[in-house]
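Biologist: I should be grateful for a close look at one part of this model, followed outward from a single residue to whatever it leads to. Please set out the reasoning wherever a classification depends on a threshold.

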Amino acid sequence: MTSFHLSLDLSSANATQDLAIRIGATLQPTDVLLLEGPIGAGKTHFARSLIQSLLPVAEDVPSPTFTLVQVYETAESEIWHTDLYRLTSPDEVVELGLTDAFEEAICLVEWPDRLADLQPDNALFLSFSLGKDEGQRHLRITAKDQKWAPLFESLAQ
Ligand SMILES: Nc1ncnc2c1ncn2[C@@H]1O[C@H](COP(=O)(O)OP(=O)(O)OP(=O)(O)O)[C@@H](O)[C@H]1O
Ligand SMILES: [Mg+2]
């Protein structure tokens, strides 16, 4: 059962960046964000904006399309940014160390359908879709775990 849900219109890449910064400011180690949506929907743009807002020193945040995983360090936490598009088996998720990272780090996962039943139950789900116009995206955010209640409250305002 979904406990929380919210739909947002993101009218530009900047609007997506602003939201990513707001959400990033609330994250704690062990928070997992699952970023769903078709190619070009804005998953990497969201993740990059969020990560860059948390890094103590400015750094490039490349798409992990080929490396599968990029790991960043902040004073409070590691941040794992992964793109599982090329994954062929959920076993590889364990080999990558991602299941361990779910228990310790902040994790941003693109193409989380590849996780199958390894998707953490307490994750925040962000589902991006393309809008009518070029710069427009829709976002549906859902979660089951009560730990996300304050975030949904603040985003609803
Ligand atoms: N409202 C918006 N929100 C996010 N990105 C937008 C928006 N409008 C335009 N864009 C542009 O759309 C592109 C989204 O590309 P991005 O790499 O983030 O997609 P992706 O979902 O990660 O795709 P992939 O599945 O290939 O990894 C970027 O070039 C971004 O600037
Ligand atoms: Mg991407």
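Modeller: In this predicted model, Leu130 has a relative accessible area of 47%, so it counts as partly exposed, the class between the 20% limit for buried and the 50% limit for exposed. Leu130 is found in strand S6. Neighbours within four places in sequence aside, Leu130 is in contact with Gly40, Ala41, Gln136, Arg137 and His138. A further position to set beside Leu130 is Gly37, which is 93 residues away along the chain, with 8.5 Å between the two C-alpha atoms.

One of these contacts leads to the ligand. Ala41, which Leu130 touches, has a backbone N or O atom 3.2 Å from an oxygen atom of ligand 1. Gly135 also takes part through its backbone: one of its N or O atoms lies 2.8 Å from a nitrogen atom of the ligand. From Trp111 the approach is made by the side chain, where an N or O atom is 3.1 Å from an oxygen atom of ligand 1. Taken alone, the ligand exposes 650 Å², and the protein buries 73% of that area.

The shell as a whole consists of 17 residues, the closest being Thr16, Lys43, Thr44, His45 and Gly135. By character, the shell divides into six nonpolar, seven polar and four charged residues. Helices H1 (13-24) and H2 (43-54) each supply at least two of its members, and H2, with three residues, provides the largest share.

Trp111 merits a further remark. This residue lies in the loop between S5 and S6, and because its relative accessibility is 17%, it counts as buried. Its phi is near 55°, a positive value in a residue other than glycine. Most residues other than glycine have a negative phi. Thr30 is another residue with a positive phi, near 80°, and its place is in the loop between H1 and S2. With a relative accessible area of 30%, Thr30 is partly exposed, whereas Trp111 is buried.

Thr30 also appears among the contacts of Ala105, which include Pro29, Asp31, Ser77, Glu78 and Trp80 as well, sequence neighbours within four places being left aside. Ala105 is in the loop between helix H4 (98-102) and S5. Its relative accessible area is 2%, so Ala105 is buried. Ala105 and Gly131 are 26 residues apart in sequence and 32 Å apart in space, C-alpha to C-alpha.

To return to strand S6: this strand (124-130) is among the elements that give two or more residues to the largest nonpolar core. That core has 31 residues, and those with the most contacts inside it are Ile23, Leu33, Phe46, Leu124 and Leu126. Besides S6, the elements giving two or more residues to the core are S1 (4-10), H1, S2 (32-36), H2, S5 (106-110), S7 (137-143) and helix H5 (149-156). Apart from this core lies another, of 18 residues, including Cys107, Leu115, Ala123 and Phe125. In soluble globular proteins, nonpolar side chains tend to be buried together.

How does Leu124 fit into its surroundings, and which residues is it in contact with? Beyond its neighbours within four places in sequence, the contacts of Leu124 are Ile23, Val32, Leu33, Leu34, Ile141, Thr142, Ala143, Trp148, Leu151 and Phe152. Ile23, found in helix H1, is buried because its relative accessible area is 0%. Ile23 in turn is in contact with Leu33, Phe46, Leu50, Leu124, Leu126, Ile141, Leu151 and Leu155, again leaving aside neighbours within four places. Its separation from Leu151 is 7.5 Å between C-alpha atoms, although these positions lie 128 residues apart along the chain.

Phe125 belongs to the other core, and its place is also in strand S6. At 15% relative accessibility, under the 20% limit, Phe125 counts as buried. Not counting residues up to four places away in sequence, Phe125 touches Leu34, Glu36, Gln119, Arg140, Ile141 and Thr142. Leu34, Ile141 and Thr142 are likewise among the contacts of Leu124. Phe125 and Leu139 are 14 residues apart in sequence, and their C-alpha atoms are 10.0 Å apart.

Strand S6 thus holds both the buried Phe125 and the partly exposed Leu130. Leu130 is in contact with Ala41, a residue with a backbone atom 3.2 Å from an oxygen atom of ligand 1.

How values were computed:
Residues numbered from 1 in each chain as written. Chains lettered and ligands numbered in written order. Predicted model: local features only at pLDDT ≥ 70, side-chain atom pairs only at ≥ 80, totals over all residues. Heavy atoms only, no water. Near = heavy atom within 4 Å. Polar contact = N/O pair within 3.5 Å; in protein donor to acceptor, adjacent residues only side chain to side chain. Areas by Shrake-Rupley, 256 points an atom, 1.4 Å probe, with all protein chains shown as cover. Helix = DSSP H or I, 4+ residues; strand = E, 2+ residues; numbered from the N terminus. Nonpolar A, V, L, I, M, F, W, Y, C, P; charged D, E, K, R; others polar. Core = buried A, V, L, I, M, F, W, Y, C linked by side-chain atoms within 4.5 Å. Buried < 20%, exposed > 50% of the residue type's maximum accessible area, 1.4 Å probe, protein only. Contact = heavy atoms within 4.5 Å.
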